[in-house]
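Hi,

Here's the structure I said I'd pass over, with my notes on it underneath. Could you have a look at it before we next talk?

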Amino acid sequence: MPLRVLILGGTTEASALARRIAGDTQLAPVLSLAGRTTNPQPQPIPTRTGGFGGIEGLVRFLRSDGIDAVIDATHPYADQMSTHAVAACRETGVPLASLVRPEWQRHAHDRWQVVADTEAAAKSLGPAPRRVFLSLGRQDLHVFAGAPQHHYLARLIERPEQTALPPDLRLLQARGPFDRADEERLLRDEHIDVMVSKNAGGTATYAKIEAARALGLPVIMIARPHKPAGTVMADVDACVAWLHGLAPRGV
Ligand code: NAP
């Protein structure tokens, strides 16, 4: 029997892992998406969508679907899902590995102010009106309603559902990867004077950080939350090797 693998996804790394193991006869993977995006990218392996129902729900899923291994490839800021994965895998004895994207490192000309969370980012914009580029998820935008004096340009994959949004907000719907020259043009054309970003890591959205550096723009960088992890993997190759190490021989 092939090894039944649950991949917790919603990231470019999870999709890359799915592409890599599609057709691997030693593995029977299923990719799990939270369902935040109504039009997710097509995937080459079976996919399920929606929350499991907390730790208990995930424990039930692992047992009912006969899952042999879990790879947590969720976003570095998706800390609740990772906490649940650690707890559920501990309870069921299912091996867990986490695919963790390295953080972006501050370069000499970066003007970063690192803050603890989205609320601290909104506060640190200060009292004087500014033109702010928000490169965050749609679930984060309502926090900036508490700092209504600023003009916001928010780039999102999908329109937000919340009603409590900042009054002076323009939405830009786009999905990465983005190009550095385009990012510089956007920041210039929109007369942006500060950017708010998460330290997502990876290459898909790094161009905005390079553009801010080139233009001398300050970046309010929201620090990563603490995420518990099982065995930590740095890349897709390491995950595949780990899975093959668990897979029964000769399938
Ligand atoms: P979160 O706060 O860690 O999780 C909240 C709840 O959403 C979880 O308890 C779980 O519900 C459900 N969930 C999260 N990821 C799931 C998955 N891959 N499959 C099934 N259920 C999942 O997560 P989040 O920050 O809202 O992120 C949601 C998704 O968006 C994740 O897949 C993440 O990789 C992706 N994403 C997040 C960010 C970000 O900045 N946070 C950025 C890009 C992509 P139950 O308790 O009901 O199981």
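One bit of vocabulary before the rest: helices (H or I, at least four residues) and strands (E, at least two) are DSSP runs, and they are numbered from the N terminus. With that in hand, Pro 177 is in the loop between β9 and α5. I'll come back to that loop at the end. Please also keep in mind that this is a predicted model.

**The ligand**

I'd start here. The ligand has 23 residues around it, and the ones that come nearest are Gly 9, Ser 32, Phe 52, Met 81 and Lys 198. Three of these also make polar contacts with oxygen atoms of the ligand. Two use the backbone: a polar backbone atom of Phe 52 is 2.7 Å from a ligand oxygen, and for Met 81 the corresponding distance is 2.8 Å. Lys 198 uses its side chain instead, with a polar atom 2.7 Å from an oxygen of the ligand.

How much of the ligand does the protein bury? On its own the ligand exposes 810 Å², and 81% of that is buried by the protein. Two elements give two or more residues to the shell, namely β2 (27-33) and α3 (79-92). Of the elements, α3 gives the most, with 4 residues. If you sort the shell by class, you get 13 polar, 6 nonpolar and 4 charged residues.

**The sheet that starts with β3**

Now the fold. One open sheet has 6 strands in the order β3-β2-β1-β4-β5-β12, with parallel pairing. Its edges are β3 (47-49) and β12 (231-233), each of which pairs on one side only. From one strand to the next, the twist averages 25°.

For a look at one pairing, take β4 (residues 69-72) and β5 (residues 96-99), which run parallel over 3 bridges. There, Ile 71 stands opposite Ala 97 in β5. Helix α3, which you met in the ligand shell, packs on this sheet: it touches β1 (3-8), β4 and β5, and its direction makes about 160° with that of β5. Helix α7 (residues 236-246) packs on the sheet too, touching β1, β2, β4, β5 and β12, with its direction at about 170° to that of β4.

**The sheet that starts with β6**

Another open sheet of 6 strands has the order β6-β11-β10-β7-β8-β9, and here the pairing is parallel as well. The edge strands are β6 (111-115) and β9 (169-173), both paired on one side only. Neighbouring strands are turned by 20° against each other on average, ignoring direction.

Within this sheet, β7 (residues 131-135) and β8 (residues 151-156) pair in the parallel sense over 4 bridges. Phe 133 has Leu 153 as its bridge partner in β8. Which helices lie across these strands? One is α5 (residues 180-189), which crosses β7, β8, β9 and β10 (194-198) and runs at about 155° to β8. The other is α6 (residues 207-215), which lies across β6, β7, β8, β10 and β11 (218-222) at about 150° to β10.

**Two backbone oddities**

Most residues other than glycine have a negative phi, and most peptide bonds are trans. Against that background, two spots are worth a click. The peptide bond from Gly 176 to Pro 177 is cis, with omega near 5°; that is the loop between β9 and α5 again. His 191 isn't a glycine, yet its phi is positive, at about 50°. You'll find His 191 in the loop between α5 and β10.

Shout if anything looks off when you open the file.

Cheers

Note on methods: Residues numbered from 1 in each chain as written. Predicted model: local features only at pLDDT ≥ 70, side-chain atom pairs only at ≥ 80, totals over all residues. Heavy atoms only, no water. Near = heavy atom within 4 Å. Polar contact = N/O pair within 3.5 Å; in protein donor to acceptor, adjacent residues only side chain to side chain. Areas by Shrake-Rupley, 256 points an atom, 1.4 Å probe, with all protein chains shown as cover. Nonpolar A, V, L, I, M, F, W, Y, C, P; charged D, E, K, R; others polar. Pairing = 2+ DSSP bridges. Axes fitted to C-alpha atoms, helices over the stretch in contact; angles between N-to-C directions. Contact = heavy atoms within 4.5 Å.
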